[in-house]
Amino acid sequence: MDKILNITFFVTFLGMLIISSKIMLDINFEKIFKKGKIGSIKAFFFIVVFIVSAVTASCFKEIISVIYNLLK
């Protein structure tokens, strides 16, 4: 079961990286930064995308685990 949960986490994490990156690119969050702060914008983008992806993948992994234990 651990192998399945780890694969689920990895696949969900990669999928959410793509989805959250596209969403962040569509949002004009650059307006909250001063002009010329490219490094800050990139860091903010990376941190938000990584956190959203990790939390979503972790939650999805837990949901699969709970469903598995309920059906067992």
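Let's start at Phe50, which is partly exposed, with a relative accessible area of 40%. On this scale, buried means under 20% relative accessible area, exposed means over 50%, and partly exposed is what falls in between, using a 1.4 Å probe and protein chains only. Before going further, keep in mind that this is a predicted model: local features need pLDDT of at least 70, side-chain atom pairs count only at pLDDT 80 or more, and totals for chains, interfaces and linings use all residues. Residues are numbered from 1 along each chain as its sequence is written, and side-chain values use heavy atoms, with hydrogens and water left out.

Back to Phe50 and its ring partners. The ring centres of Phe46 and Phe50 are 5.9 Å apart with the planes at 25°, so this pair is stacked. The rule behind that word: rings of Phe, Tyr and Trp (its six-membered ring) pair if their centres lie within 6.5 Å, and planes under 30 degrees apart count as stacked, over 60 as edge-to-face and the rest as tilted. Phe46 and Phe50 are four residues apart in helix α2, which puts about one helical turn between them. Phe46 itself is exposed, at 57% relative accessibility.

How many aromatic pairs does the rule give? The count comes to three. One of them is Phe13 with Phe50, an edge-to-face pair at 5.5 Å centre to centre and 80° between the planes. Phe13 belongs to helix α1 (residues 2-26) and Phe50 to helix α2 (residues 38-71), so this pair ties together parts that are 37 residues apart in sequence. Phe13 is buried, with a relative accessible area of 14%. Put Phe9, Phe13, Phe46 and Phe50 together and you have one aromatic cluster. Phe9 also has a charge for company: the charged end of Lys61 sits over its ring, 5.8 Å from the centre. For a charge to qualify, NZ of Lys or CZ of Arg has to be within 6 Å of the ring centre and within 35 degrees of the ring normal.

Now zoom out. The protein chain has two helices and zero strands; helices (H or I, at least four residues) and strands (E, at least two) are DSSP runs, numbered from the N terminus. The radius of gyration of the chain is 16 Å, well over the 11 Å that the globule rule gives for 72 residues, so the chain is more spread out than a compact globule. That radius is taken over C-alpha atoms, and the globule rule is 2.2 Å times the number of residues to the power 0.38. Along the principal axes, the C-alpha atoms fill a box of roughly 55 × 15 × 15 Å. Of the 72 residues, 18% count as buried. The accessible surface of the chain comes to about 5,700 Å², and 72% of that belongs to carbon and sulfur atoms; the areas come from the Shrake-Rupley method with a 1.4 Å probe, and for residues only the protein chains shown count as cover.

What about contacts, meaning heavy atoms within 4.5 Å? Among the contacts in the chain with a separation of 6 or more, 74% are between residues 24 or more positions apart.

Helix α1 is a good place to see this side of the structure. It has 25 residues and reaches 36 Å from its first C-alpha to its last, close to the 36 Å expected at 1.5 Å a residue, where the expected span is 1.5 Å times one less than the number of residues. Its buried residues are Leu5, Thr8, Thr12, Phe13, Met16, Ser20 and Met24, and they pack against α2.

Two of these are worth a visit. Thr8 is buried at 14% relative accessibility, and it touches Phe60 and Ile64, leaving out residues up to four places away in sequence. Ser20 is buried too, at 5%. With residues up to four places away again left out, Ser20 touches Val49, Val52 and Ser53.

Other parts of α1 are partly exposed, including Ile7 at 48% relative accessibility and Asn6 at 47%. Ile7 and Leu25 are 18 residues apart along the chain, with 27 Å between their C-alpha atoms. Asn6 and Leu17, eleven residues apart in sequence, lie 16 Å apart in space, C-alpha to C-alpha.

Methods: Contact means heavy atoms within 4.5 Å.
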